[in-house]
Amino acid sequence: MNPFEQHREALDLARATLPERSEGEPLFRTPWHARIFALIVALVKSEQIPWKSFQEKLVSALNQHQSADAQLTAEEVDLQYFECWLLAAEETLLETGFVEISDVARQIEAIRASVAQTRADQLSS
Amino acid sequence: MLKKTSGSDDGHAQGHDHTHDPLEEGAALRVRALEEIVVAKGLVDPDALDSIVEYYERVTGPRNGAAVIARAWTDPEFKDWLLNDGTAAISSMGFSGVQGEHIRAIENTDEVHNVVVCTLCSCYPWPVLGLAPAWYKSPAYRSRVVREPRAVLKEFGLEIPSAVQVRVWDSTAEVRYLIVPKRPAGTEKMSAEELAQMVTRDGMIGTAAL
């Protein structure tokens with residue numbers, strides 16, 4: 001028997017149909033896709049991180065999160081792809097020391113607090 | 001109402017008893033936090049981020065590649081240059097930048113049809129094609145086109161005669177490929193501008209004929 005046929009995941013991929021192929025897809029489906037994309041490109045352009053080291057993390061994130069389900073729509077491909085891009089970006093920023101996990105937690109709290117404050121102000125005014 | 005649990009540094013979402021909105025959780029919030037931190041540290045300029053988004057949304061895209069291909073069809077010297085040193089020839093037309101550091105142009109002929117993939121992720125010549133379409137990033141395309149290129153091309157509506165060899169090029173972090181499609185018959189009198197209108201993104205990936 002062909003060993004390939006014993007490999008379920010590979011077989012699923014072999015049967016998978018391609019996502020739809022329209023020319024008019026949006027480049028970025030949500031604003032954060034554009035922001036995290038630009039953040040990495042900016043750091044690569046200013047030579048603060050090598051593309052190759054980011055790309056290796058992207059490849060590994062895609063391997064872990066994308067290959068399990070081959071039957072995806074174009075939108076699902078993009079959503080998973082940018083989730084992986086974000087994971088690779090976080091890993092890169094932590095590895096370079098540009099960002100600490102505690103910074104991120106603190107910043108997230110600050111954003112939450114500011115959103116809550118804005119909302120409270122809107123309700124009371 | 002947000003209940004703040006202070007003193008925790010574990011990076012996980014805290015105080016989950018408030019009403020969620022999209023900004024307050026998940027990826028959008030993580031991205032905003034990361035952006036604010038690197039901007040506050042002076043590592044990136046927020047205006048630079050805006051102009052990068054603007055560049056990819058409005059400036060670069062397959063029209064750049066189409067101009068390169070049309071010029072190659074009409075200017076034999078440029079075509080030689082493009083095939084011998086794609087990066088230099090392309091950058092002479094003003095198209096350069098991230099993922100354009102090493103572009104190799106490959107010509108389709110009567111004998112060989114070429115098609116590009118990135119089996120590992122999504123390597124793609126951004127300065128000439130813009131960002132990759134979703135199907136190019138899909139696991140189905142990335143795994144299948146290497147194994148059964150003719151079947152995949154057929155799904156794109158492109159049937160390659162058995163006498164024509166199909167060659168698959170795997171883009172990497174080091175080299176990205178741009179396909180020079182065959183110039184359509186009956187276009188001898190067309191200008192480079194008119195020809196550029198005929199060149200499609202998929203033609204330059206090799207998943208369509210012109």
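Over residues 1-22 of chain B, pLDDT stays under 50, and the model has 27 contacts beyond four places in sequence for this stretch. Where pLDDT is low, the predicted coordinates should not be read in detail, so those contacts are best taken lightly in this predicted model. For chain B as a whole, the mean pLDDT is 88, and 88% of its residues reach 70 or more. The predictor assigns the complex an ipTM of 0.84 and a pTM of 0.84.

Chain B contains eleven helices and four strands. Of its 210 residues, 40% are buried. When contacts between residues at least 6 apart in sequence are considered, 67% of those in chain B join residues at least 24 apart. The chain is divided into domain 1, covering 22-57, and domain 2, covering 61-205. A distance of 32 Å separates the C-alpha centres of domain 1 and domain 2 of chain B.

Two residues of chain B help to show how its parts are placed. B:Gly203 sits in helix 11, which runs over residues 201-205 of chain B. With 23 other C-beta atoms within 10 Å, B:Gly203 is buried, because 20 or more such atoms are enough for that label. Beyond the residues up to four places away in sequence, B:Gly203 touches B:Pro181, B:Ala208, B:Ala209 and B:Leu210. From B:Gly203 to B:Phe95 the C-alpha distance is 19 Å, with their positions 108 residues apart in sequence.

B:Leu158, by comparison, belongs to the loop between helix 9 (149-155) and strand 3 (165-170) of chain B. This residue has 17 other C-beta atoms within 10 Å and is therefore partly exposed. Setting aside neighbours within four places in sequence, the contacts of B:Leu158 are B:Leu153, B:Thr207, B:Ala208 and B:Ala209. B:Ala208 and B:Ala209 are thus touched by B:Leu158 and also by B:Gly203. The C-alpha atoms of B:Leu158 and B:Val31 are 40 Å apart, and the two residues are 127 apart along the chain.

Chain A is built from six helices and zero strands, and its pattern along the sequence reads α-α-α-α-α-α. Buried residues account for 37% of the 125 residues of chain A. Among its contacts between residues at least 6 apart in sequence, 69% join residues at least 24 apart.

Helix 3 of chain A, residues 31-45, offers a handy check on geometry. At 1.5 Å a residue, its 15 residues should span 21 Å, and the end C-alpha atoms are indeed 21 Å apart, so the expected and modelled spans agree. Of the 15 residues of helix 3 of chain A, 13 are buried, which means that this helix is largely enclosed by the rest of the structure. After helix 3 of chain A comes A:Glu47, which has a positive phi, near 60°.

The two chains meet in a contact that takes 56 residues from chain A and 48 residues from chain B. On the side of chain B that touches chain A, the elements giving two or more residues are helix 1 (26-40), helix 2 (46-59), helix 7 (134-137) and helix 8 (139-147) of chain B. Helix 1 of chain B gives the most, with twelve residues. By residue type, this side of chain B divides into 29 nonpolar, five polar and 14 charged residues.

Technical notes
Residues numbered from 1 in each chain as written. Chains lettered and ligands numbered in written order. Predicted model: local features only at pLDDT ≥ 70, side-chain atom pairs only at ≥ 80, totals over all residues. Buried ≥ 20, exposed ≤ 12 C-beta atoms within 10 Å, placed from the backbone. Contact = placed C-beta atoms within 7 Å. Nonpolar A, V, L, I, M, F, W, Y, C, P; charged D, E, K, R; others polar. Domains from an automatic or database assignment. Expected span 1.5 Å × (residues − 1). pLDDT = per-residue confidence, 0-100.
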